[in-house]
Amino acid sequence: MQPYNVINNLQRQQFQIQLGGEIGFLEYRLQEGTIVLMHTEVPEQLGGRGLGTALAAAAFDHATKHQLKVKVYCPFVKKYLDRHPELAPLVINPS
């Protein structure tokens with residue numbers, strides 16, 4: 001996977017990758033010591049390049065660095081977790 005520059009856009013509550021004038025993002029919300037991963041969107045023309053994976057990795061890195069638990073609603077991130085079971089201790093089930 002190619003390394004991407006992922007930025008945390010605090011105002012929009014998104015991890016973002018800008019590439020070729022397009023933006024892929026993972027939308028989140030912060031709630032009481034938890035980061036809630038809502039939705040990943042990558043423009044079609046940027047698909048298949050690992051942007052979604054890079055965004056999910058950045059979100060979990062952020063959670064680890066800031067000692068946050070993670071709730072996952074995003075289907076893409078749920079699939080990412082299947083490939084990275086070592087992250088399971090960070091995850092709490094949405095209620």
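These are my notebook entries on the strands, turns, helices and a few single residues of a predicted model.

**Entry 1, the first hairpin.** I began at the N-terminal end of the strand order, where strand β1 (residues 7–9) pairs with strand β2 (residues 14–19) in the antiparallel sense, over 3 bridges. Looking for the register, I found that N9 has Q14 in β2 as its bridge partner. The two strands make a hairpin with 4 residues between them, and in that turn Q13 shows a positive phi of about 55°. I marked Q13 for a second look, since most residues other than glycine have a negative phi. Q13 is not a glycine and yet has this positive phi of about 55°; it is placed in the loop between β1 and β2. With a relative accessibility of 26%, Q13 counts as partly exposed, because the class runs between 20% and 50%.

**Entry 2, the second hairpin.** I then followed β2 onward to strand β3 (residues 22–31), with which β2 pairs in the antiparallel sense over 6 bridges. Here L19 has E22 in β3 as its bridge partner. This hairpin has 2 residues between the strands, and G20 takes a positive phi near 55°. G21 is also found in the loop between β2 and β3, and I noted it as exposed, with a relative accessible area of 80%. I also looked up how far G21 lies from G52: the two are 31 residues apart along the chain, and their C-alpha atoms are separated by 17 Å.

**Entry 3, E27 and R29.** Which residues form the salt bridge? I found R29 joined to E27, with the closest N and O atoms 2.6 Å apart, and the structure holds 1 salt bridge. As background, side chains of opposite charge can pair when their charged atoms come close. The pair also appears as a polar contact of 2.6 Å between the side chains of E27 and R29. E27 belongs to strand β3, and R29 counts as partly exposed at 29% relative accessibility. I next asked what else surrounds E27, and, leaving aside its neighbours within four places in sequence, found it in contact with Q13, Q14, V36, L37, M38 and H39. Q13, one of these contacts, is the residue with positive phi that I had marked in the turn between β1 and β2.

**Entry 4, the loop after β3.** Moving to the loop between β3 and β4, I stopped at E32, which has a positive phi of about 40° although it is not a glycine. Is E32 buried or exposed? E32 is exposed, with a relative accessible area of 83%.

**Entry 5, the parallel pair and its crossover.** Strand β4 (residues 34–41) and strand β5 (residues 69–72) run parallel and are joined by 4 bridges. For the register I noted that T34 has K69 in β5 as its bridge partner. Between these strands the chain passes through helix α1 (residues 51–65), and I recorded the resulting β-α-β crossover from β4 to β5 as right-handed.

**Entry 6, C74.** After β5 I looked at C74, which lies in the loop between β5 and α2. At 2% relative accessibility C74 counts as buried, because the cut-off for that class is under 20%. Not counting residues up to four places away in sequence, C74 touches L37, M38, H39 and T40. I looked up one of these separately: C74 and H39 are 35 residues apart along the chain, while their C-alpha atoms are separated by 4.8 Å.

**Entry 7, helix α2.** Which residues of helix α2 (residues 75–83) are buried? I found V77, Y80 and L81 to be buried. Viewed down the axis of α2, its buried residues fall within an arc of 100°, so they line one face of the helix. The general background is that an α-helix has 3.6 residues a turn, so residues three or four places apart point the same way. On the face of α2 turned away from the buried side I noted the exposed residues P75, K79 and D82. Last, I looked up what covers the buried residues of α2, and the cover includes β3, β4, α1 and β5. The elements I had entered above as the parallel pair, β4 and β5, are thus listed again here, among the elements covering the buried residues of α2.

Conventions: Residues numbered from 1 in each chain as written. Predicted model: local features only at pLDDT ≥ 70, side-chain atom pairs only at ≥ 80, totals over all residues. Heavy atoms only, no water. Pairing = 2+ DSSP bridges. Buried < 20%, exposed > 50% of the residue type's maximum accessible area, 1.4 Å probe, protein only. Right-handed = clockwise from strand over helix to strand, strands pointing away. Salt bridge = Lys/Arg side-chain N within 4 Å of Asp/Glu carboxyl O. Arc of directions from axis to C-beta. Contact = heavy atoms within 4.5 Å. Polar contact = N/O pair within 3.5 Å; in protein donor to acceptor, adjacent residues only side chain to side chain.
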